[in-house]
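Got a minute to go through how the labels on this fold are earned? Let's put the values next to the cut-offs.

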Amino acid sequence: MQGELAKTVLSEFLDRVSTAPASVLLLDYDGTLAPFQTERDRAYPYPQVVPILESIVQGDRTRVIIITGRPVIELKTLLGPLNNLEVWGSHGMERMLPDGSYGKTTIDKEISELLVQAEEWVIAAGLASRAEIKPGGIAIHWRGMPEAEIERVEASTREGWTGLAERPGLKLLEFEAGLELRVARPDKGDVVTAILEDSAANAPIAYLGDDLTDEDAFRVLTGRGLTVLVRPEYRETRASVWLRPPLELIGFLDQWLSCNPA
Ligand SMILES: [Mg+2]
């Protein structure tokens, strides 16, 4: 949804935020709050985003939660001064609360062994420099690689992991610039379900995300909250509204802040 209709949906939602005693703002990280970088450890948030989120948190009426495929530890580094947010990392395997307390889901020994096999394949295939080992998964990243090289790496990874991806409890996840073999659950939809259980039934809640993995979150929130695709180009999505980063995203967050001033 774009144009006037999207504006109406957004302003009706923000009206509710301004009168509700408590609201929930759920945010994906890469591609949503931060532009993509070839060097993943340099993907810092859009500079304007940090002070706005800080003020929203200080306003004390919105629970701001980051939901990301990255491990929590990476987010802590990238968010820098913004260290009092709740973060669900590794697609929900890890959770860090604003006070710094941390919890992690354990995985089956059998699944762990399959992930070790996946890692051994990656090393043997000469892809170790492209790999990221994280709680519950292993990812191959190809952002910044030449197109022909991407095709080769993708085909080879799909083939190398085929047998593993078909095992119960594991899945192959396609994301914007790579593939990840990981535990089938939790996914971002499970995270949103857990947060909903923990929130007032009528609290305004929004989820902003860009990637295919965010579709699980959009699905869970459909009919219950505002779902926003944040992306320079539109794609087929379950989200009800589309915002282009960074300007429209910053505009939206700024309006949220005006509804919940610090
Ligand atoms: Mg993303």
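What follows is a run of questions about helices, domains and a few unusual backbone spots.

Q: Before we start, what kind of model is this, and how are residues numbered?
A: It's a predicted model, where local features need pLDDT of at least 70, side-chain atom pairs count only at pLDDT 80 or more, and totals for chains, interfaces and linings use all residues. Residues are numbered from 1 along each chain as its sequence is written, and side-chain values use heavy atoms, with hydrogens and water left out.

Q: What makes helix 2 largely enclosed by the rest of the structure?
A: Buried means under 20% relative accessible area, exposed over 50%, and partly exposed in between (1.4 Å probe, protein chains only). Eight of the eleven residues of helix 2 (residues 49–59) are buried, so the label fits. Among them are Val49, Ile52, Leu53 and Ile56. The cover over the buried residues includes strand 1 (23–27), strand 2 (62–67) and helix 8 (247–259). Helices (H or I, at least four residues) and strands (E, at least two) are DSSP runs, numbered from the N terminus.

Q: Asp60 sits in the loop between helix 2 and strand 2; why does Asp60 count as exposed or buried?
A: Its relative accessibility is 67%, so Asp60 counts as exposed. Asp60 also has a positive phi of about 70°, although it is not a glycine.

Q: And Ser90: why does that residue count as buried or exposed?
A: Ser90 has 0% relative accessibility and therefore counts as buried. Ser90 is in the loop between strand 3 (86–89) and strand 4 (94–96), and its phi, near 50°, is a positive value in a residue other than glycine.

Q: Why is helix 1 called roughly parallel to helix 8?
A: Helix 1 (residues 3–19) and helix 8 pack at an angle of about 30°, with axes 8 Å apart. Axes are lines fitted to C-alpha atoms, for helices over the stretch in contact, and angles run from 0 to 180 degrees between N-to-C directions. Angles under 35 degrees count as roughly parallel, over 145 as roughly antiparallel, 65 to 115 as roughly perpendicular and the rest as oblique. So helix 1 is roughly parallel to helix 8. The contact (heavy atoms within 4.5 Å) includes Leu10, Phe13 and Leu14 of helix 1 and Phe252 and Trp256 of helix 8.

Q: What makes helix 4 and helix 5 roughly antiparallel?
A: The axes of helix 4 (residues 109–124) and helix 5 (residues 147–165) come within 10 Å and cross at roughly 155°, so the two count as roughly antiparallel. Their contact includes Leu114 and Trp121 of helix 4 and Trp161 and Leu164 of helix 5.

Q: How do you know that there are two domains, and where are they?
A: The bounds come from an automatic or database domain assignment, which gives domain 1 (3–105 + 186–259) and domain 2 (109–183). Their centres, taken over C-alpha atoms, are separated by 27 Å. In contact are 19 residues of domain 1 and 15 residues of domain 2.

Q: Which residues does a cis peptide bond with omega of about 0° join?
A: That bond joins Arg185 and Pro186, and Pro186 lies in the loop between strand 9 (178–183) and helix 6 (188–197). Another cis bond, with omega about -5°, joins Pro245 and Pro246; Pro246 is in the loop between strand 12 (241–243) and helix 8.
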